[in-house]
Amino acid sequence: MYFFLSSVLGTVLTLSGLFAAAHPSTAQAQTVQKDYENHPNRAAIEYVVKNKLMWLYPDGNFRPEQPVTQADLVAGLVNVKGLTQGVPIPGFPANHWAKVYYERAKKDGILDNVSINPNKVLTREETGLLMVNAWKKLRIPFDREHQSYTAVAVAEEWLPPRPGKFANGVSTTRFDAFSGVSRVEQAKALAMLHRDFLGINEGEKIANQVHNSFKISGGYLRGTIPVVNGFSIRLIASLKNGKVVEFESGGILLNADQIKYFQLSVKRKGEAVPLALYNYIKLPSLERENVR
């Protein structure tokens with residue numbers, strides 16, 4: 001009995017020692033502070049990681065100040081737009097991690113006028129061009145050439161202002177084109193773009209719902225504007241007598257012969273930029289023109 005109890009006690013002490021040895025390392029791993037926990041842009045970093053627009057490194061860090069490569073941003077923009085279809089890119093490295101992202105970006109037009117170089121560290125001008133390309137199918141003002149893509153990115157608050165030089169070499173206090181872009185700056189931009197993308201999708205659903213309610217019968221335009229939490233929906237009609245009438249909720253009833261044209265807009269409440277914007281100028285046809 002003595003030897004039996006001694007053996008059991010020895011085993012218990014040995015196991016206790018093993019568990020005690022394992023516990024401190026586990027606790028230590030749990031208390032290691034990540035490199036973005038106290039970062040002023042932590043919310044943006046957590047947003048892009050949560051929505052799978054960017055990633056953490058295997059050690060759990062984000063590396064906020066690390067420069068962004070072309071492949072990093074291309075992948076991020078493809079993730080923002082949720083692109084799933086691509087086209088082959090001749091000569092692209094077959095084993096490169098970003099190959100599928102480049103193929104999807106190519107089909108979408110994100111790579112228009114871009115010299116493909118996945119491992120290149122991007123300048124602000126190159127960053128601005130990729131972002132404008134990604135948005136040119138979503139918002140009309142971006143669907144044209146710009147003298148400075150950095151200036152567009154700063155004006156849209158995708159990139160922060162920074163003193164330096166334009167791409168043409170002229171000095172500037174806000175629109176430096178030549179410095180690099182950090183991962184945290186990319187995170188802020190992608191979070192903003194993703195929010196806009198989701199808003200546009202929701203705005204289009206609402207605009208389609210209103211559009212599908214429109215009917216012209218008995219000489220009157222009829223329809224319904226729903227109340228949607230968080231969104232402002234407005235129909236503005238310009239009449240041939242010079243008056244302007246507005247509808248923001250409920251039923252619509254207008255003499256169709258008296259309407260010169262009307263416009264339907266959907267915005268987030270408290271914001272000025274429309275998520276959906278349509279003009280109806282071919283009455284009595286209800287054909288509409290997207291002017292967002």
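The following dialogue goes through the sheets, one helix, the largest pocket and some backbone details of a predicted model.

Biologist: How do you know how far to trust the model along the protein chain?

Modeller: The pLDDT averages 91 over the protein chain, and 89% of the residues score at least 70. Residues 1-30 stay under 50, and the model has 0 contacts for them beyond four places in sequence. Where pLDDT is low, the predicted coordinates should not be read in detail.

Biologist: What makes S3 and S4 a pair?

Modeller: The criterion is at least two bridges between the strands. S3 and strand S4 (residues 220-225) have 3 bridges, so they count as paired, in the antiparallel sense. One contact point can be named: isoleucine 216 has leucine 221 in S4 as its bridge partner.

Biologist: Why are S3 and S7 called edge strands?

Modeller: The order of this open sheet of 3 strands is S3-S4-S7, with antiparallel pairing. Strand S3 (215-217) and strand S7 (250-255) each pair on one side only, and they are the edge strands. From one strand to the next the twist averages 25 degrees.

Biologist: Which strands make up the open sheet of 5 strands, and in what order?

Modeller: The order is S6-S5-S8-S9-S10, and the pairing is antiparallel. Its edge strands are strand S6 (244-247) and strand S10 (289-290), each of which pairs on one side only.

Biologist: How do you know that S5 and S8 are paired?

Modeller: At least two bridges are required, and 9 join strand S5 (residues 231-239) to strand S8 (residues 259-268), so the condition is met. The two strands run antiparallel. Leucine 235 has leucine 264 in S8 as its bridge partner, and alanine 237 stands opposite phenylalanine 262 in S8.

Biologist: What joins S8 to S9?

Modeller: There are 5 bridges between S8 and strand S9 (residues 276-280), again with antiparallel direction. Valine 266 is matched with alanine 276 in S9.

Biologist: What do S5 and S6 form, and what is particular about glycine 242?

Modeller: S5 and S6 form a hairpin with 4 residues between them. The two strands pair in the antiparallel sense over 4 bridges, and the bridge partner of serine 238 in S6 is valine 244. Glycine 242, in the turn, has a positive phi of about 95 degrees.

Biologist: Where does H7 lie relative to the strands?

Modeller: Helix H7 (residues 183-213) lies across S3 and S4, running at about 145 degrees to S4. H7 also lies across S5, S8 and S9, at about 140 degrees to S8.

Biologist: Which residues are closest to the centre of the largest pocket?

Modeller: They are Arg139, Glu156, Met192, Asp196 and Val273, out of 14 lining residues. The volume of this pocket is about 290 Å³. H7 supplies the largest share of the lining, 4 residues.

Biologist: What is the make-up of that lining by class?

Modeller: The lining of the largest pocket has 8 nonpolar, no polar and 6 charged residues. Gly counts as polar in this scheme, so the absence of polar residues means that no Gly is in the lining either.

Biologist: What makes the peptide bond from leucine 283 to proline 284 worth a look?

Modeller: That peptide bond is cis, with omega near 10 degrees. Proline 284 is located in the loop between S9 and S10.

Biologist: What is the phi of arginine 63, and where is that residue?

Modeller: Arginine 63 has a positive phi of about 60 degrees although it is not a glycine. Arginine 63 sits in the loop between helix H2 (42-50) and helix H3 (70-81).

How values were computed
Residues are numbered from 1 along each chain as its sequence is written. This is a predicted model: local features need pLDDT of at least 70, side-chain atom pairs count only at pLDDT 80 or more; totals for chains, interfaces and linings use all residues. Side-chain values use heavy atoms; hydrogens and water are left out. Axes are lines fitted to C-alpha atoms, for helices over the stretch in contact, and angles run from 0 to 180 degrees between N-to-C directions. Contact means heavy atoms within 4.5 Å. On a 1 Å grid over the protein atoms alone, a cavity is a set of points where a 1.4 Å probe fits but cannot get out, and a pocket is an open set with protein on both sides within 12 Å along at least five of seven lines; lining residues have an atom within 4 Å of a point. Grid points are joined across faces, edges and corners, and a volume is the space filled by probe spheres set on the points. pLDDT is the predictor's confidence in each residue, from 0 to 100.
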